[in-house]
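Thanks for sharing this one. Here are my notes, in the order I would go through them with the model open on the screen.

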Amino acid sequence: MPFMKRVGVFVDVQNIYLTTKTIYGRGKLNFHRLRDFLLENGALVTLTAFMSYDPDNEGQYSFLSALGLIGYRVISKPLRKLPDGSIKANMDLEMAIEILSQATHLDEIVLVSGDGDFKALVDYLCSMGKVVKVIGPDRLTSPELIQACHQFVNLHKIEGILDVE
């Protein structure tokens, strides 16, 4: 039986939504197309999406359900509204823990984010001998993150990624 490469894909939904919205004025991406792009190489691929959501926003909850239905494992938590009115909605720690818990079972890790906070994680994964790819938003991916990974793919250059209804 031939060797099948094991690839873990970890999607920072909030980061790619906000950066896409900054660049194009709307944040919606075609997650079907992203999935298909990631599955093109015939590897054993697992897809995990991370997102905070507003429990009062039915649309966000429906979006999380839709991600699950098209093949993404969804790790989510409700955002927290702080006493000063600000919102805490970061999933970086959850992503890092999930990636590290799966890393020993993976040959390649694909991080879909432009967040430079993940540079230390990428450095550590590379030191473990893992191949690390970053798929990040056009012009808004941290240069340090791009330099730390083995391969960078511009998210917005994936054919059909911005095609949404």
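The points below go from the strands to the helices and then to the cores.

1. A word on the source before anything else: this is a predicted model. Please read every value below as computed from that model.

2. Strand 6 (108-112) is a good place to begin. Five of its five residues are buried, so strand 6 is largely enclosed by the rest of the structure. Glu108, Val110 and Val112 point one way from the strand, while Ile109 and Leu111 point the other way. As background, side chains in a regular strand alternate between the two faces of the sheet. Do note that Glu108 is among the buried residues here.

3. What are the partners of strand 6? Strand 1 is joined to strand 6 by five bridges, and the two run parallel. In this pairing Val7 stands opposite Glu108. Strand 7 also pairs with strand 6 in the parallel sense, over five bridges, and there Val112 sits opposite Ile135.

4. Going further along, strand 7 (residues 131-136) runs parallel to strand 8 (residues 151-154), with four bridges between them. Gly136 faces Asn154 of strand 8. Two crossovers are worth tracing by eye. Strand 6, helix 5 and strand 7 form a right-handed β-α-β unit, and strand 7, helix 6 (residues 143-148) and strand 8 form a right-handed β-α-β unit as well.

5. Helix 1 has a length that checks out. At 1.5 Å a residue, its twelve residues should span 16 Å, and the end C-alpha atoms are 16 Å apart, which agrees. Its buried residues are Val13, Asn15, Ile16, Thr19, Thr20 and Ile23. Seen down the axis, the buried residues of helix 1 fall within an arc of 165°, so they line one face of the helix. The elements that cover them include strand 1, helix 2, strand 2, helix 3 and strand 6. After the helix comes Gly25, with a positive phi near 80°.

6. Helix 2 (31-38) can be read in a similar manner. Phe31, Leu34, Arg35 and Leu38 are its buried residues. They lie within an arc of 100° when viewed down the axis of helix 2, so they line one face of the helix. An α-helix has 3.6 residues a turn, so residues three or four places apart point the same way. The buried residues of helix 2 pack against strand 1, helix 1, strand 2, helix 3, strand 6 and strand 7. Arg35 deserves a look on the screen, being a buried residue of this helix.

7. Helix 5 (residues 119-127) has Leu121, Val122 and Leu125 as its buried residues. Down the axis of helix 5 these fall within an arc of 100°, so they line one face of the helix. Ala120 and Ser127, on the other side, are exposed. The buried residues of helix 5 pack against helix 4 (92-103), strand 6, strand 7 and helix 6. Just after the helix, Gly129 takes a positive phi of about 90°.

8. Which residues touch the most other members of the largest nonpolar core? That core has 27 residues, and the answer is Val9, Val11, Phe31, Leu34, Tyr72, Val112 and Leu155. Strand 1, helix 1, helix 2, strand 2, helix 3 and strand 6 each supply at least two of its residues. Strand 2 gives the most, with five. Apart from this core lies another, of 20 residues, among them Phe10, Phe50, Val132 and Cys149.

9. Leu155 is a useful residue to click on. Leaving aside neighbours within four places in sequence, Leu155 is in contact with Ile16, Thr20, Leu29, Leu34, Val112, Ile135, Gly136, Pro137 and Ile161. Of these partners, Ile16 and Thr20 are buried residues of helix 1, and Leu34 is a buried residue of helix 2.

10. Lastly, is Thr46 in strand 2 buried, exposed or in between? Thr46 is partly exposed, because its relative accessible area is 37%, and the in-between class runs from 20% to 50%. Beyond its neighbours within four places in sequence, Thr46 is in contact with Val7, Gly8, Val9 and Gln102. Thr46 and Leu106 are 60 residues apart in sequence, with their C-alpha atoms 9.8 Å apart in space.

Conventions
Residues are numbered from 1 along each chain as its sequence is written. This is a predicted model: local features need pLDDT of at least 70, side-chain atom pairs count only at pLDDT 80 or more; totals for chains, interfaces and linings use all residues. Side-chain values use heavy atoms; hydrogens and water are left out. Two strands pair if DSSP finds at least two bridges between them. A crossover is right-handed if, with the strands pointing away from the viewer, the path from the first strand over the helix to the second runs clockwise. A nonpolar core is a set of buried Ala, Val, Leu, Ile, Met, Phe, Trp, Tyr and Cys residues joined through side-chain atoms within 4.5 Å. Buried means under 20% relative accessible area, exposed over 50%, partly exposed in between (1.4 Å probe, protein chains only). Contact means heavy atoms within 4.5 Å. The expected span of a helix is 1.5 Å times one less than its number of residues. The arc is that of the directions from the helix axis to the C-beta atoms.
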